[in-house]
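Work through the exercises below with the model open. Try each task before reading its solution.

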Amino acid sequence: MRVHWLTALFIVVISGISACNSDYTIKPKGYFKIDFPEHKYQVFNEPGYPYTFEYPVYAKVEKDTTMFDDNDTPYWINIDFPSFQGKIYVSYKTIVDTGFDKLVDDAFKMTYKHTSKATEIQDSLMTTPKGLSGLWFNVRGNTATAKQFFVTDSVKHFLRGALYFDATPNEDSLRIVNEFLQADMKHLINTLQWKSK
């Protein structure tokens, strides 16, 4: 009986030693493969809205009613991307009512409130084919939003947009989706026009 016990112990020890010499390597973290649709666009041109632009066919536009019940924000919308669990929150204000400097200052404050989580914030001037100007913001790091912008004619109209996801911020896992939707945001910006009243 004692010999069988020693044999079993010997087999366990040898198995343990040989297991330590295996070629096992830890696999790096991976992310789900995402099949992106083709970039195709449709026109947002709702009656009464002071702007028009093109947005993706795989998105839907909703009136923003989550935070505002008053008439101060009648032209605020969300562009929802259900398959990516993301939204571009679009706000619009008239410069006459609010003031150009205040609107620009608010846009910077909204972007730079992510400073505690951001590793870098880059802003770059842009001019659209329609002659509008504005700023594009790239916010790097595990922040709630990585892409923001504002576009204005500096006299009457001011439109701001920010892309958010319904997910825990993770720059690595969201990077590919951010890059895909960045093309859609830039298309929106480049097709944006003000309506004359």
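Two strands pair if DSSP finds at least two bridges between them. Helices (H or I, at least four residues) and strands (E, at least two) are DSSP runs, numbered from the N terminus. The model is predicted: local features need pLDDT of at least 70, side-chain atom pairs count only at pLDDT 80 or more, and totals for chains, interfaces and linings use all residues. Residues are numbered from 1 along each chain as its sequence is written, and side-chain values use heavy atoms, with hydrogens and water left out.

**Exercise 1. Take stock of the chain.**

Step 1. Count the elements: the chain has four helices and 10 strands.
Step 2. Read them in sequence order. The pattern is α-β-β-β-β-β-α-α-β-β-β-β-α-β.
Step 3. Check burial (buried means under 20% relative accessible area, exposed over 50%, partly exposed in between, with a 1.4 Å probe and protein chains only). Of the 197 residues in the chain, 36% are buried.
Step 4. Turn to contacts (heavy atoms within 4.5 Å). Among those with a separation of 6 or more, 52% join residues 24 or more positions apart.

**Exercise 2. Trace the sheet that holds β2.**

Step 1. Find the strand order. The sheet is open, has three strands and runs β1-β2-β10 with antiparallel pairing.
Step 2. Mark the edges. These are β1 (41–44) and β10 (193–194), each pairing on one side only.
Step 3. Examine one pair. Strand β2 (residues 51–56) is joined to antiparallel β10 by two bridges.
Step 4. Recall the general rule: strands of a sheet pair through backbone hydrogen bonds, either parallel or antiparallel.

**Exercise 3. Describe the setting of Thr52.**

Step 1. Place Thr52: this residue lies in strand β2, opposite Gln193 in β10.
Step 2. Is Thr52 buried or exposed? Its relative accessible area is 13%, so Thr52 is buried.
Step 3. List neighbours, leaving out residues up to four places away in sequence. Thr52 touches Val43, Phe44, Asn45, Thr191, Leu192, Gln193 and Lys195.
Step 4. Look at the side chain. From Thr52, it reaches the backbone oxygen of Phe44 at 2.6 Å.

**Exercise 4. Test helix α3 and find its faces.**

Step 1. Get the expected span, which is 1.5 Å times one less than the number of residues. For the 13 residues of α3 (residues 100–112), this gives 18 Å; the end C-alpha atoms are 18 Å apart, which agrees.
Step 2. Pick out the buried residues of α3: Leu103, Val104, Ala107 and Thr111.
Step 3. Why do they share a side of α3? They cover an arc of only 100° around the axis, so they lie on the same side of α3. The arc is that of the directions from the helix axis to the C-beta atoms.
Step 4. Inspect the face of α3 turned away from the buried side. There sit the exposed residues Asp101 and Lys109.

Technical notes
A polar contact is a pair of N or O atoms within 3.5 Å; within protein, one must be able to donate a hydrogen and the other to accept it, and residues adjacent in sequence count only if both atoms are side-chain atoms.
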